[in-house]
Protein chains: 4
Amino acid sequence: MKLTKEQSKEIKDQQSQQNTTKRVTAPELEKILYEAIPVLDHGFIRVVDYMGDDTSIVQSARVSYGKGTKKVSTDSGLIKYLMRHWHSTPFEMCEIKYHVKLPIFIARQWIRHRTANVNEYSARYSILDKEFYLPDPKNLAAQSKSNRQGRGNVIEGDHAKEVLELLKKDAEKTYEDYEMMLNERYDGTIIDEQKTGLARELARMNLTLNTYTQWYWKTDLLNLMNFLRLRADDHAQYEIRAYADVMLETVKKWVPITYEAFMDYRVGGTEVSAKGKIVIQKLIKGEQVSVEESGLSKREWNELMISFNLKDKLT
Amino acid sequence: MKLTKEQSKEIKDQQSQQNTTKRVTAPELEKILYEAIPVLDHGFIRVVDYMGDDTSIVQSARVSYGKGTKKVSTDSGLIKYLMRHWHSTPFEMCEIKYHVKLPIFIARQWIRHRTANVNEYSARYSILDKEFYLPDPKNLAAQSKSNRQGRGNVIEGDHAKEVLELLKKDAEKTYEDYEMMLNERYDGTIIDEQKTGLARELARMNLTLNTYTQWYWKTDLLNLMNFLRLRADDHAQYEIRAYADVMLETVKKWVPITYEAFMDYRVGGTEVSAKGKIVIQKLIKGEQVSVEESGLSKREWNELMISFNLKDKLT
Amino acid sequence: MKLTKEQSKEIKDQQSQQNTTKRVTAPELEKILYEAIPVLDHGFIRVVDYMGDDTSIVQSARVSYGKGTKKVSTDSGLIKYLMRHWHSTPFEMCEIKYHVKLPIFIARQWIRHRTANVNEYSARYSILDKEFYLPDPKNLAAQSKSNRQGRGNVIEGDHAKEVLELLKKDAEKTYEDYEMMLNERYDGTIIDEQKTGLARELARMNLTLNTYTQWYWKTDLLNLMNFLRLRADDHAQYEIRAYADVMLETVKKWVPITYEAFMDYRVGGTEVSAKGKIVIQKLIKGEQVSVEESGLSKREWNELMISFNLKDKLT
Amino acid sequence: MKLTKEQSKEIKDQQSQQNTTKRVTAPELEKILYEAIPVLDHGFIRVVDYMGDDTSIVQSARVSYGKGTKKVSTDSGLIKYLMRHWHSTPFEMCEIKYHVKLPIFIARQWIRHRTANVNEYSARYSILDKEFYLPDPKNLAAQSKSNRQGRGNVIEGDHAKEVLELLKKDAEKTYEDYEMMLNERYDGTIIDEQKTGLARELARMNLTLNTYTQWYWKTDLLNLMNFLRLRADDHAQYEIRAYADVMLETVKKWVPITYEAFMDYRVGGTEVSAKGKIVIQKLIKGEQVSVEESGLSKREWNELMISFNLKDKLT
């Protein structure tokens with residue numbers, strides 16, 4: 001990741017602010033505020049604003065339950081209780097805003113999370129940066145044989161080189177032609193004074209999906225956790241997981257108690273169906289139970305055993 | 001409005017905080033942060049947290065439009081432009097959180113605005129305060145004759161007294177019986193040691209709709225303006241307007257440039273239909289135009305004339 | 001539940017419609033369309049419109065995954081897979097609309113589910129029906145001792161009679177005074193020709209929270225399941241559960257395959273935290289594990305054991 | 001637009017359905033149900049399901065306002081009233097579902113409308129069709145000089161040919177390389193039996209933004225009108241307007257009364273700011289008013305005059 005001079009200066013200016021406030025602050029998060037944390041080859045994540053901290057969640061919960069919450073004596077105990085029982089609204093009381101630079105094909109996955117506010121760089125108004133995502137060779141995975149959606153082994157050798165060259169060449173060529181159509185280089189140089197450039201809103205269609213875009217993305221803590229639960233998961237595409245992993249770290253700095261409860265009850269937890277519960281119960285009681293009797297499909301049975309790390313029970 | 005000792009102390013504690021932050025702050029809003037601003041007879045509004053200010057809107061807009069925004073040189077010019085052309089997402093980049101005490105029948109109107117986060121005091125867990133809204137005599141309006149939804153003249157004299165007495169007596173009686181069913185007074189005193197109280201979630205059903213409740217209510221600036229546009233309007237019920245008016249003042253302290261644009265383009269503005277545009281055009285050109293020819297109903301015609309303050313054209 | 005002549009006629013008219021359509025239909029749901037299914041003493045639920053059926057979910061999923069879904073050969077297998085892996089968007093492709101009559105204090109819980117469309121009867125415009133909820137004696141529960149939010153044993157004998165009389169008398173008295181203030185009876189009779197009635201939007205504040213209101217409530221199948229998962233649960237207040245139970249039956253008639261998967265994976269299922277998973281694993285392997293070592297609180301431990309019906313392991 | 005044999009057969013099958021239902025139907029919409037209406041060079045719009053019609057809006061409004069709505073005697077009068085006064089919830093009671101084929105850069109604009117349900121074809125699972133949008137020469141507009149976001153004159157002659165050739169060649173080349181990386185042609189042919197293909201979720205990043213994708217898109221009538229108001233507008237990009245225009249026609253067939261009110265009050269209407277109102281008022285009264293005195297910027301003044309078609313007042 002390389003920042004332009006302009007960007008570096010802006011970040012420095014923002015970081016040198018020293019305001020006083022009566023609002024609650026999250027000291028660990030303040031330390032990295034505005035900082036551009038690198039993700040993938042040209043992307044970044046920056047926390048640019050936030051509202052509330054762990055105590056805001058507790059405060060809202062205590063307003064809701066009134067004197068009824070007095071029994072849960074510690075903040076940590078209360079937050080764990082709220083997380084375990086899927087209380088949702090207290091976690092909506094915290095808000096965070098990120099500035100993200102990311103490839104367009106990842107932006108298209110990300111935007112499917114609708115309960116968030118977004119301002120994206122507009123290629124109708126302005127020319128996109130000449131930056132595209134090229135995977136690190138170690139992430140150049142083959143299509144999985146068993147899972148239609150997943151990745152298999154890493155592609156290596158000449159084949160890998162070939163793929164990377166195609167990606168690079170095609171991105172460069174389409175960007176060059178994008179400039180030709182615009183009749184303008186990224187830096188504002190006019191290519192041919194005799195010509196008029198194509199409308200930006202049209203020319204952009206020539207770019208490949210690994211071109212980088214950027215946006216401000218703002219959401220509340222509940223919806224952020226919903227996002228992270230799905231996107232920091234093993235089944236998520238590696239490229240979005242790279243962003244989610246960095247964001248998880250910012251959550252840890254922002255609301256450390258909530259982070260811990262989230263890791264225990266959501267990220268590290270699992271779900272068991274009605275039929276699955278009976279299987280587990282029988283296993284604990286030492287009773288016999290077979291896939292056939294369980295009512296589970298073979299696939300479900302294996303998913304259940306893996307979630308409890310019972311590899312000897314796989315079938 | 002009377003605060004309990006506990007509440008007053010909490011507010012004082014919150015107000016004495018002095019944190020440093022790299023985030024933007026809104027100095028005028030900081031001055032009234034946490035303060036309980038009285039509304040109606042027992043209600044209040046408190047700003048308890050916020051995120052962003054006018055510059056956050058500008059910043060997001062400039063990220064969206066990139067170099068394309070350079071032409072609009074001032075922040076104020078840009079915000080006015082955004083407001084005039086109904087750009088919505090930059091205004092979503094600011095967030096505010098209120099603590100509100102309000103009568104239940106008003107809470108029921110308020111909650112219809114869905115794009116907000118809410119934590120309400122729960123009468124399943126805790127006993128509600130013994131406080132109910134009794135209108136000031138000057139707001140004791142009769143049902144409007146012409147408008148099914150509106151208020152007519154103020155009711156006066158004995159009739160007014162009667163109404164106020166009914167409201168008071170009924171609220172007190174139902175609250176007393178609420179305590180009887182709970183077998184517990186608000187302050188925690190048990191009424192009859194031999195009895196068990198009714199479940200709180202049931203007993204609450206005996207309360208009248210003017211009983212006060214309270215909640216934390218958090219929303220972004222765009223949705224706040226949507227709320228205020230409807231609720232600070234003449235057609236809104238007086239009791240919710242009382243809250244909206246106070247909130248408008250907090251918006252002014254928070255994002256003064258946006259506030260001004262909002263007042264000009266939304267609150268003070270009007271809409272004209274396709275047919276209405278032709279009427280206005282003819283009037284300006286000094287051409288004849290009658291209700292019949294206009295295609296407007298009499299009612300629409302009059303609404304149009306009133307919105308341009310052309311009382312001599314009413315029919 | 002008693003319907004007015006007018007309502008009965010409207011329902012009959014609606015049910016006698018026989019339209020032809022190229023849309024998919026849900027034959028079992030058609031049979032009960034428009035029917036007023038009684039809930040509580042004066043409430044009802046009516047399905048008044050719907051869109052899609054089980055095949056709509058399958059169709060959307062197949063559009064998403066394209067040729068990639070061919071491997072899951074049956075509709076039922078695909079729906080179960082989607083439910084198990086928390087795929088959400090295909091379930092949003094079905095929509096349903098209910099007409100519900102319910103007490104106001106239940107309406108206040110219900111409305112907290114924001115992703116739905118609502119049109120409620122407006123007491124600003126019209127006079128509310130003279131109908132209030134009075135619990136059946138078998139549902140007259142005491143406040144739970146152990147759970148701040150729950151119900152304990154049923155209240156019986158004279159105490160029960162007392163409570164029911166208070167509820168009845170207060171509701172009747174406040175309603176009568178509501179009419180006095182309006183200077184108009186529910187049936188439109190003017191009480192005193194010499195007086196003007198108080199504005200409806202004000203008079204309504206005198207009603208108690210067990211007064212019935214009604215609304216049209218429309219949502220998609222995903223959000224309906226989110227609602228039912230919480231509101232058909234043991235921890236939900238009995239009065240809203242009564243509605244949720246009836247709605248579950250309508251889901252069964254509408255989308256039977258989805259219903260079955262929902263009952264297995266959501267309603268009948270459970271969640272296990274990261275720490276809980278280790279406990280279960282040790283129990284299955286026959287290893288020793290104590291509350292202390294587990295890292296679970298005593299409360300969490302017991303919740304875990306109960307969810308797998310392992311009562312001998314309670315502590 | 002060319003449909004595959006499979007698609008044509010599916011549409012024919014769907015259109016031959018003849019189900020009976022007690023639900024309301026929209027006969028004019030039924031006539032074109034499932035039909036693929038061509039948009040741009042390879043795109044289409046299909047209405048695949050709907051719920052409700054004009055009477056559903058009226059019915060919900062009458063539930064809300066109760067006896068209070070009796071005064072507005074006709075359905076058409078009531079719908080116009082609701083539209084004029086920005087009543088929103090009754091219009092949410094109707095729902096529609098489209099199947100859309102569209103270029104990715106348009107999909108990226110479209111998806112910003114968040115209050116809708118979407119299932120998009122997934123290029124993680126399946127290979128995208130070999131179809132890309134190439135503008136018709138008459139839509140090959142130059143960048144506007146005056147408006148950063150808009151289009152200027154059409155580009156003609158050799159320059160136009162050049163642009164179209166670049167677009168075509170780049171799309172074809174990147175698609176060919178996409179197949180190479182996948183080691184598989186769109187029709188499933190393996191390219192080189194010795195190689196393993198790159199994961200689909202990676203290979204897709206090589207495609208250009210004019211590649212076609214498809215989705216199911218479902219929304220309520222209120223949010224559809226919000227979408228159409230913005231996207232069927234002159235300021236919208238031509239390519240999305242092409243879709244919006246077709247959708248407008250489907251609204252006309254579905255809810256003809258609402259359509260008419262929408263065209264009059266929203267699409268054909270305009271807004272006037274507080275300052276603008278004073279200008280209009282003075283013009284009607286024949287008083288003098290200049291740009292300077294008005295408090296409007298020159299740009300605002302001109303926008304106002306254009307909206308009332310007063311070209312002689314431009315400055």
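**The sheet of chain C**

Select chain C of this predicted model and display its strands. Five of them make an open sheet, ordered β2-β3-β4-β8-β5, with antiparallel pairing. The edges are β2 (37-39) and β5 (117-120) of chain C, each of which pairs on one side only. Look along the sheet to see the twist: ignoring direction, neighbouring strands are turned by 25 degrees against each other on average.

Next, pick out residues 95-103 and 212-220 of chain C. These are β4(C) and β8(C), which run antiparallel and are joined by nine bridges. To find the register, show P103(C), which stands opposite Y212(C) in β8(C).

**Helices across the sheet**

Add residues 221-231 of chain C. This is helix α8(C), which lies across β4 and β8 of chain C and runs at about 130 degrees to β8(C). Then add residues 238-254 of chain C, helix α9(C). Helix α9(C) lies across β2, β3 (43-51) and β4 of chain C, at about 30 degrees to β3(C). Strand β4(C) is thus a place to see both helices: α8(C) lies across it, and α9(C) does too.

**A helix pair in chain B**

Move to chain B and select residues 54-65 and 75-84. Helices α3(B) and α4(B) pack here with their axes 10 Å apart, at an angle of about 75 degrees. An angle of 65 to 115 degrees counts as roughly perpendicular, and α3(B) and α4(B) are therefore roughly perpendicular to each other.

Show the side chains at the crossing:

- from α3(B), the contact residues are D54(B), T55(B), I57(B), V58(B) and A61(B);
- from α4(B), they are D75(B), L78(B), I79(B) and L82(B).

By class, this contact has six nonpolar, one polar and two charged residues.

**Chain A as a whole**

Hide the other chains and look at chain A alone. Chain A contains 13 helices and nine strands. Its C-alpha trace spans about 85 × 55 × 30 Å along the principal axes. Of its 315 residues, 47% count as buried. Among the contacts in chain A with a separation of 6 or more, 65% are between residues 24 or more positions apart.

**Chain A against chain B**

Bring chain B back. Which residue of chain A comes closest to the rotation axis? Centre on T20(A), whose C-alpha lies at 2.2 Å from the axis. The rotation in question superposes chain A on chain B by 180 degrees, with 0.0 Å of shift along its axis and an RMSD of 0.1 Å. The same surface serves both copies, as 100% of the contact residues of chain A recur in chain B.

Stay at this spot and select residues 19-21 in chain B, strand β1(B), which pairs with β1(A) in the antiparallel sense over three bridges. T21(A) stands opposite N19(B) in this pair.

Now widen the selection to the whole interface, where 42 residues of chain A are in contact with 42 residues of chain B. On the chain A side, the elements that each supply at least two residues are α1 (5-15), β1 (19-21), β3 (43-51), α3 (54-65), β4 (95-103), β5 (117-120) and β8 (212-220). Helix α3(A) gives the most, with five residues. Colour this side by class to find 11 nonpolar, 20 polar and 11 charged residues.

**Chain C against chain A**

Finally, show chains A and C together. Here 23 residues of chain C are in contact with 23 residues of chain A. On the chain C side, α10 (256-267), β9 (270-272) and α11 (274-284) each supply at least two residues. The largest share, seven residues, comes from α11(C). By class, the chain C side has nine nonpolar, seven polar and seven charged residues.

Zoom in on residues 270-272 of chain A. This is strand β9(A), which pairs with β9(C) in the antiparallel sense over three bridges. T270(A) has V272(C) as its bridge partner.

How are the two copies related? Chain C can be laid on chain A with an RMSD of 0.0 Å by a turn of 180 degrees and a shift of 0.0 Å along the axis. The two copies are thus related as by a two-fold rotation axis. The same surface serves both, since 100% of the contact residues of chain C recur in chain A.

Key. Residues numbered from 1 in each chain as written. Chains lettered and ligands numbered in written order. Predicted model: local features only at pLDDT ≥ 70, side-chain atom pairs only at ≥ 80, totals over all residues. Contact = placed C-beta atoms within 7 Å. Helix = DSSP H or I, 4+ residues; strand = E, 2+ residues; numbered from the N terminus. Nonpolar A, V, L, I, M, F, W, Y, C, P; charged D, E, K, R; others polar. Pairing = 2+ DSSP bridges. Least-squares fit on C-alpha atoms with pLDDT ≥ 70 in both. Axes fitted to C-alpha atoms, helices over the stretch in contact; angles between N-to-C directions. Parallel < 35°, antiparallel > 145°, perpendicular 65-115°, else oblique. Buried ≥ 20, exposed ≤ 12 C-beta atoms within 10 Å, placed from the backbone.
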